[in-house]
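The exercises below go through one protein model, each with a task and a solution worked out in steps. Please keep the sequence and the 3D view at hand while reading.

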Amino acid sequence: PYFSNEIFAGFENVWKSTDLGDSWTKISNLGNKSLTSLAISPTNPGYIYTGHNSDIYKTSDAGGTWVSIRGTLPMSQATMTYIAADSYDPETIYVTFSGFETGEKVYMTDDAGATWTNISENLPNVPFNCIVHQSGTNASGDTINGLYAGSDIGVFYTNDSLMQTATPWVMFNTGMPSVVVTELEIQYNAQKIVAATYGRGIWESPLFSDSYNANVGIEEANIAMLVYPNPTQDILNVSLKEIQGNDIEWMVFDLQGRLQTSGQVSVSEFSIDISKVPAGNYLLHVENANTQYRTMISKQ
C-alpha cells in the first residue's frame with residue numbers, strides 16, 4: 001500500500017518483492033506453520049503484521065526483527081482469521097477470530113500489540129473471517145473509524161459513534177443472502193465496499209452513512225425495513241418501506257440456522273411475539289414477493 005512496486009506474500013514465512021514479483025526475498029524466520037493473514041501499514045511501510053492459528057507477529061523495521069504479540073488474544077479458544085491495518089496509525093490493527101466461543105470475535109490494539117482490547121460487544125456467536133478499516137469520512141463528513149467485519153452470516157458494521165451505544169455492531173446485509181463472507185475491500189473512488197462470499201459470488205454496497213438505517217447494507221441503500229425495539233424482551237415491531245401484494249412471511253432463526261418461530265401477515269407494519277424464544281441473538285428473515293429482508297435481533 002506504500003510503494004507501488006512492492007508485493008508481499010505469506011507462506012510459512014513472509015516474502016517481499018521490490019520489482020513487481022520478478023524476484024523475491026524472505027524477510028522472516030517464523031517457523032513451519034502456514035501464515036493465514038498479512039497486513040502492511042499504509043502509513044508506515046516498516047510495520048508489517050502476520051500470523052497463524054496460534055500466534056501473531058509484528059515487525060516495525062520492515063522485517064529486520066519480528067516479535068510475537070499474541071498477548072491476551074484468545075488463540076487457545078479460537079482461530080485467528082484476519083488482520084487489518086488501521087488507515088492512519090501503524091500501531092493500530094484489528095484481528096478477527098472464527099469458532100463458536102461467545103464474545104471472542106474482534107480484537108484491536110493501538111500500541112502495536114502490547115495490549116489488546118476486545119471489541120466483540122454484541123456480535124453474534126458465529127465465525128468471523130475478515131475485517132477492513134475505512135479511511136476518510138462518511139457521507140456526513142465525520143471521521144468515524146468505520147469497521148466492516150465479514151462473518152459466516154454476512155457483514156457487520158461499527159464506528160466510533162456506534163461504539164458508544166448499547167448495540168455497537170449493526171448488521172449491514174440488506175439485499176445480500178446470509179452467506180459466508182471471506183474478504184472485504186473498499187473501493188474509495190466509487191465509495192463502495194465489496195464482499196467476496198463462499199459460493200454466492202461478489203457483492204457491493206455504498207459505504208455506510210449516518211443517514212442510513214442500521215439495517216441497510218449490501219446492495220440496498222435505503223431504509224427498507226425498520227425493526228424496534230431492538231433489543232426487546234417480548235414484542236418486535238416491524239415496518240417495511242413498501243410491499244408487493246399482501247403475502248408477507250417472517251421467520252426467526254438462531255445463529256445455527258434453526259427456525260425458532262415464524263408467521264404470515266398481509267400488512268407492511270406488524271408485530272412479532274418472541275416472548276417464548278430464549279434470550280440471545282437471532283436472525284429475522286422477512287419475505288415479500290421476490291424481496292428478502294434480514295437483520296439481527298436480540299432477545300433480552
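**Exercise 1. Confidence**

What is the mean pLDDT of the protein, and what share of its residues reach 70 or more?

Solution. Begin with the term: pLDDT is the predictor's confidence in each residue, from 0 to 100. The mean pLDDT of the protein is 88, and 92% of its residues reach 70 or more. Next, look for the weak stretch: over residues 211–222 the pLDDT stays under 50, and for these residues the model has 45 contacts beyond four places in sequence, where contact means heavy atoms within 4.5 Å.

Two notes apply to every exercise. This is a predicted model, in which local features need pLDDT of at least 70 and side-chain atom pairs count only at pLDDT 80 or more, while totals for chains, interfaces and linings use all residues. Residues are numbered from 1 along each chain as its sequence is written, and side-chain values use heavy atoms, with hydrogens and water left out.

**Exercise 2. Strand 5 and its partners**

Find the strands that pair with strand 5, and decide whether its faces are covered.

Solution. Strands, like helices, are DSSP runs numbered from the N terminus (strands are E, at least two residues; helices are H or I, at least four residues), and two strands pair if DSSP finds at least two bridges between them. Strand 4 pairs with strand 5 in the antiparallel sense over four bridges, and Ser-37 has Gly-51 of strand 5 as its bridge partner. On to strand 6 (residues 55–59), which pairs with strand 5 over five bridges, also in the antiparallel sense; here the bridge partner of Gly-51 is Ile-56. Strands 5 and 6 form a hairpin, with two residues between them.

For the faces, a residue is buried under 20% relative accessible area, exposed over 50%, and partly exposed in between (1.4 Å probe, protein chains only). Ile-48, Thr-50 and His-52 on one side of strand 5, and Tyr-49 and Gly-51 on the other, are all buried, so both faces are covered.

**Exercise 3. Two loop residues**

Is Ser-41 buried or exposed, and which residues does Ile-69 touch beyond four places in sequence?

Solution. Ser-41 is found in the loop between strand 4 (37–40) and strand 5 (48–52). Ser-41 counts as buried because its relative accessibility is 1%. The side chain of Ser-41 makes a polar contact with that of Thr-43 at 3.2 Å; such a contact is a pair of N or O atoms within 3.5 Å, and within protein one must be able to donate a hydrogen and the other to accept it, with residues adjacent in sequence counting only if both atoms are side-chain atoms.

Ile-69 lies in the loop between strand 7 (67–68) and strand 8 (80–85), and is buried, with a relative accessible area of 6%. Setting aside residues up to four places away in sequence, Ile-69 touches Tyr-49, Ile-56, Tyr-57, Lys-58, Ile-93, Ala-112, Gly-113 and Trp-116. One of these, Lys-58, is eleven residues apart from Ile-69 in sequence and 6.7 Å apart in space, C-alpha to C-alpha. Another, Ala-112, has a positive phi of about 60 degrees although it is not a glycine, and counts as buried at 3% relative accessibility.

**Exercise 4. The nonpolar core**

How many residues does the largest nonpolar core have, and which strand gives the most to this core?

Solution. A nonpolar core is a set of buried Ala, Val, Leu, Ile, Met, Phe, Trp, Tyr and Cys residues joined through side-chain atoms within 4.5 Å. The largest has 38 residues, and those with the most contacts inside it include Ile-131, Phe-156 and Leu-184. Strand 12 gives the most, with four residues. A second, separate core of 18 residues includes Trp-250, Val-265, Phe-270 and Ile-272.

**Exercise 5. Strands 16 to 18**

What is the order of the open sheet of three strands, and where are its edges?

Solution. The order is 16-17-18, with antiparallel pairing. The edge strands are strand 16 (181–187) and strand 18 (202–206), each of which pairs on one side only. Six bridges join strand 16 to strand 17 (residues 192–197), and Leu-184 stands opposite Ala-195 in strand 17. In the loop between strand 16 and strand 17 is Gln-191, which has a positive phi of about 55 degrees although it is not a glycine.
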